[in-house]
Amino acid sequence: MRVPARELFRDADFPASDSSLFSSFSTPLAQFREDITWRRPQVGLLARVSNLGSGPEPREICATPRLFADNPQEGQVKQGLLGDCWFLCACAALQKSRHLLDQVFPPGQPSWHDHTYRGSFTCRVWQFGRWVEVTIDDRLPCLAGRLCFSRCQREDVFWLPLLEKVYAKVYGSYEHLWAGQVADALVDLTGGLAERWSLKDLAGTSGQQDRPGGSEHRTCRQLLSLKDRCLISCSVLSPRAGARELGEFHAFIVSDLRELQGRAGQSILLLCIQNPWGRRCWQGPWREGGEGWSRVDPADESELLSQLQEGEFWVEEEEFLQEFDEVTVGFPITEAGHLQSLYSGKALCHTQELPGAWVKGQSAGGCRNNSGFPSNPKFWLRVSEPSEVFAAVLQRPRVCAAGRAGRARAPVGDGPATRSPASFLGEDYQAVGLHIWKVEKRRVSLPRVLSTPPVAGTVCHAYDREVHLRCELTPGYYLAVPSTFLKDVPGQFLLRVFSSGRVSLSAIKPAAGSPAPGEALPAGEWETVQLRGSWRTGQTAGGSRNFASYPSNPCFPLSVPEGPGPRCVRVTLRQHCQDTQCHPIGFHVFQVPVGSQGAPGLLLQEPVLSCVPHRYAQEVSRLCHLSAGTYRIVPSTYLPDTEGAFTVTIATRIDRRSIHSQERLGQLLQEASFMAVRKT
C-alpha cells in the first residue's frame with residue numbers, strides 16, 4: 001500500500017487569501033486586489049518528488065531560494081507596494097547583530113533544500129513583556145510572479161518577506177502594517193527600548209534638548225559612536241517646499257556616518273541615508289558630481305561614493321537637520337542580552353517589569369492637573385546602589401492596528417500616501433506619562449509626597465505606545481506613578497525598568513478588602529462564602545454581554561435574607577493565574593423576579609450590579625447594598641472561548657441587634673468591700 005506524501009503546511013489562521021491581505025480596503029493596496037497571487041519560494045525537494053506524475057508542479061518564485069544572504073549587501077531591505085517603511089527600517093537592526101537575528105529567527109529550521117522541509121517557518125516577536133512564537137507557511141504575495149511587498153536586494157533571499165508575513169499575522173493583515181512607528185517595530189524585534197529625537201529641536205538648540213529626567217546633550221556626532229552598535233533611522237514627516245522627492249511620512253535608514261577633514265581644515269560630518277524604496281531620490285550637493293565633494297580630498301570622495309549601494313545617498317549634517325524631521329535610535333543590546341545606555345554606554349544589566357491598569361472610577365486618576373491623580377497605579381522602586389535608570393510605560397493597544405497619525409507612512413510610487421481611516425491620533429493609544437518621587441521610607445503620606453515636585457518625569461503625556469524617562473538615582477526608595485492625561489480613561493500597561501545597578505520593583509496594592517473609591521466598607525461581622533468555577537471553551541466560556549454566547553457562562557446563586565433594610569454585600573472575582581497571564585474579567589449580578597425559577601431570559605435583563613469594564617487583573621471587586629431576594633452572579637471573560645479557573649467570594653454583613661449598656665470603657669467600677677459590709 002502506497003503511503004501518501006505529507007503535504008506542505010498551510011496556515012489556516014493566516015490563509016493565502018484577501019483576509020490576510022486587507023483589513024478595510026482603505027489604502028492604495030486595494031487596487032491590486034485582483035492581481036495578487038500567492039507563491040512559495042520553492043516547493044521543496046520532498047514535495048517535488050511526491051508530486052511527480054500527480055499533476056502540475058506548484059508555482060515557485062525562484063529556482064534556488066535562500067533564507068539568508070552571504071553578505072549584508074545582498075540582504076539589504078527593499079520596500080514594495082506596502083507602506084511599511086517603518087517596519088523595514090527596524091528589520092535592518094537584525095543585520096547588525098547575530099544575537100538579535102537568532103532571537104527572532106531561531107536557527108536550525110529546515111529550509112527548502114532539506115528533506116525535512118514542510119513549508120513553514122517560525123519566528124519570535126516580543127509582545128507586551130514576552131517573546132511570542134509565530135508560525136507561518138511560506139506562501140508569499142506576488143504580482144506577475146515576483147514578490148510585491150518587501151524583498152531583499154537579492155530576490156532569492158527570503159528572511160525579510162517571511163518576517164514581514166509574521167508581523168502581518170501578529171497585526172491581523174498586511175494592510176494593518178500601512179503606517180507605523182519605527183520605534184514600535186524596534187521594540188517588537190528586540191525587546192529593548194528606542195528613542196525618538198526631534199531634529200528641529202536639535203538644530204534649534206545647538207544639540208541641547210529637554211528630555212525626560214533632565215536635559216540630555218545630543219548632537220549628530222553622538223551617532224558616530226552608535227552607528228555600528230544599533231539601528232539609526234530618520235524620517236521625513238512634512239517635507240519643505242521644493243524637497244518632495246524625499247516623500248511624506250517616510251522612514252529611512254542611516255547606514256553610515258563619516259567625519260572628514262575638509263580642505264580648509266574644517267570638520268565635515270556626512271551621513272549615508274538608505275531609502276527603502278531602493279532608489280536614490282535626493283539630488284543634494286553630495287550627490288555624485290555634486291559641489292559638496294570639492295570641499296574634501298578626492299580620495300575621500302572616491303571611497304565614499306564607491307561604497308554606495310542601491311538607494312543610498314550622502315548628506316551633510318546641516319543638510320540632514322534641514323531636510324529630515326526626526327531620528328529614531330534603538331538601544332544597543334549586548335551578546336548577553338543587556339541593553340546599553342545611549343548616553344553613558346553603561347550596560348543596563350538589571351531589569352524589572354510589572355503589569356498594571358487604569359480602571360475607570362478606581363485607578364484612572366488622570367495627570368497631575370486632576371485631583372484624582374493619587375488614585376493612579378503606584379509602584380515602589382528600590383534602588384540599592386547609584387544607578388542610571390530608564391523607566392518605561394508600555395501601553396497595550398486597544399485594537400490591533402498600526403495606522404496612527406503622525407507616524408511614518410510611505411507613499412506608493414511617487415504619489416502622496418493615503419491616510420487610513422484608522423490613522424487618527426489616539427485611537428489605539430492614550431496620552432500617557434510617568435513621574436518618579438524619592439521617599440525617605442515606604443511608610444509615607446502619599447498625598448503629601450505627590451504634592452511635591454518629582455525627581456524625574458516625562459516632559460509631557462504623549463500619544464505613543466511607549467514613553468520612557470532617564471534619570472540618575474541614588475540608593476533609596478522611589479515612588480513611580482504612570483498616568484493617562486485624561487481622568488477615567490481605561491487602559492492596560494507594562495512598567496519596565498532598566499538599570500545599571502541593582503533595583504527591585506513592586507506594586508502598591510490597595511489594602512485587602514478595601515472598597516472602591518467613594519465606597520466605605522462598613523464595620524461589623526461578615527459572613528463569607530467562596531465558590532469555585534471555570535470557563536471552558538465551547539461550554540462555559542461565553543464571553544461578555546457583547547456576545548450571544550454570554551448566557552453559557554457559569555451562574556452562581558446569591559440569597560439576601562430579610563432584614564430591616566438592604567444588606568451590605570461585597571462580591572469579589574479572582575482568576576487563578578499569574579499577573580502576566582491575566583485575562584480581562586468582570587461580572588454582573590441579576591435579580592431573580594419573585595416566582596421565577598431563573599430562566600435563561602433572566603440574563604437578557606439589565607443587571608442590578610456590574611463590575612465592568614473587564615480588567616486585566618487577578619481580582620476585581622464591587623461593594624453594594626442589595627435588598628432581600630434571590631440573585632444570580634455571572635462571572636465572565638471579555639472574549640468568548642477564553643479558558644481559566646476562578647473563585648467568587650461573597651461577603652455579606654450580618655446585622656445583629658445591638659445590646660445597649662450604660663457602661664463606658666475606662667470607667668472604674670465601685671466595689672463594696674468586706675470591711676464596708678461589716679461596718680453596716
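**Salt bridges, a six-stranded sheet and buried elements in a predicted model**

The side chains of Arg-154 and Asp-156 come together in a salt bridge, with 3.1 Å from N to O; a salt bridge here is a side-chain nitrogen of Lys or Arg within 4 Å of a carboxyl oxygen of Asp or Glu. The structure is a predicted model, in which local features need pLDDT of at least 70 and side-chain atom pairs count only at pLDDT 80 or more, while totals for chains, interfaces and linings use all residues. Residues are numbered from 1 along each chain as its sequence is written, and side-chain values use heavy atoms, with hydrogens and water left out.

The two partners of this opening pair differ in their cover. Arg-154 counts as partly exposed at 37% relative accessibility, whereas Asp-156 counts as buried at 12%. Buried stands for under 20% relative accessible area, exposed for over 50%, and partly exposed for the range in between, with a 1.4 Å probe and protein chains only. Arg-154 and Asp-156 also belong to a network of salt bridges that links them with Arg-66, Asp-70 and Glu-74. Another salt bridge joins the side chains of Arg-151 and Glu-155, at 3.7 Å from N to O. Here Arg-151 is buried, with a relative accessible area of 17%, and Glu-155 is partly exposed, with 28%. Further along the sequence, the side chains of Glu-291 and Arg-287 meet at 3.9 Å, N to O, in a salt bridge; Arg-287 is partly exposed, its relative accessible area being 30%. A search of the whole structure returns 32 salt bridges.

For the chain as a whole, there are 11 helices and 34 strands. These elements are DSSP runs numbered from the N terminus, with helices being H or I of at least four residues and strands being E of at least two. Of the 680 residues in the chain, 51% are buried. Among contacts with a separation of 6 or more, 75% involve residues 24 or more positions apart, a contact being heavy atoms within 4.5 Å. The accessible surface of the chain is about 31600 Å², and carbon and sulfur atoms contribute 50% of this area. Accessible areas come from the Shrake-Rupley method with a 1.4 Å probe, and for residues only the protein chains shown count as cover.

Helix H5 spans residues 159-171. Its 13 residues reach 19 Å from the first C-alpha to the last, close to the 18 Å expected at 1.5 Å a residue; the expected span is 1.5 Å times one less than the number of residues. The helix is mostly covered, with 11 of its 13 residues buried. Among the buried residues of H5 are Trp-159, Leu-160, Pro-161, Tyr-167 and Tyr-171, together with the charged-type names Glu-164 and Lys-165. Gly-172 follows H5 and has a positive phi, near 110°.

An open sheet is built from six strands in the order E8-E15-E11-E12-E13-E14, with antiparallel pairing; two strands pair if DSSP finds at least two bridges between them. Strand E8 (194-198) and strand E14 (312-316) are the edge strands, each pairing on one side only. From one strand to the next, the twist averages 35°. Helix H8 packs on this sheet and touches strand E12 (250-261), E13 and E14, with its direction at about 155° to that of E12. Axes are lines fitted to C-alpha atoms, for helices over the stretch in contact, and angles run from 0 to 180 degrees between N-to-C directions. Five bridges hold the antiparallel pair E13 and E14, and Ile-273 has Phe-313 in E14 as its bridge partner.

Asn-275 lies in the loop between strand E13 (267-274) and helix H8 (298-306). Asn-275 is buried, with a relative accessible area of 1%. Beyond its neighbours within four places in sequence, the contacts of Asn-275 are His-250, Phe-252, Cys-281 and Gly-311.

Strand E24 (residues 476-484) offers a further case of burial: seven of its nine residues are buried, so the strand is largely enclosed by the rest of the structure. Strand E19 (residues 379-383) runs antiparallel to E24 and is joined to it by five bridges, with Arg-382 opposite Tyr-477. Strand E21 (residues 432-439) also pairs with E24 in the antiparallel sense, over eight bridges, and Lys-438 stands opposite Tyr-478 of E24.
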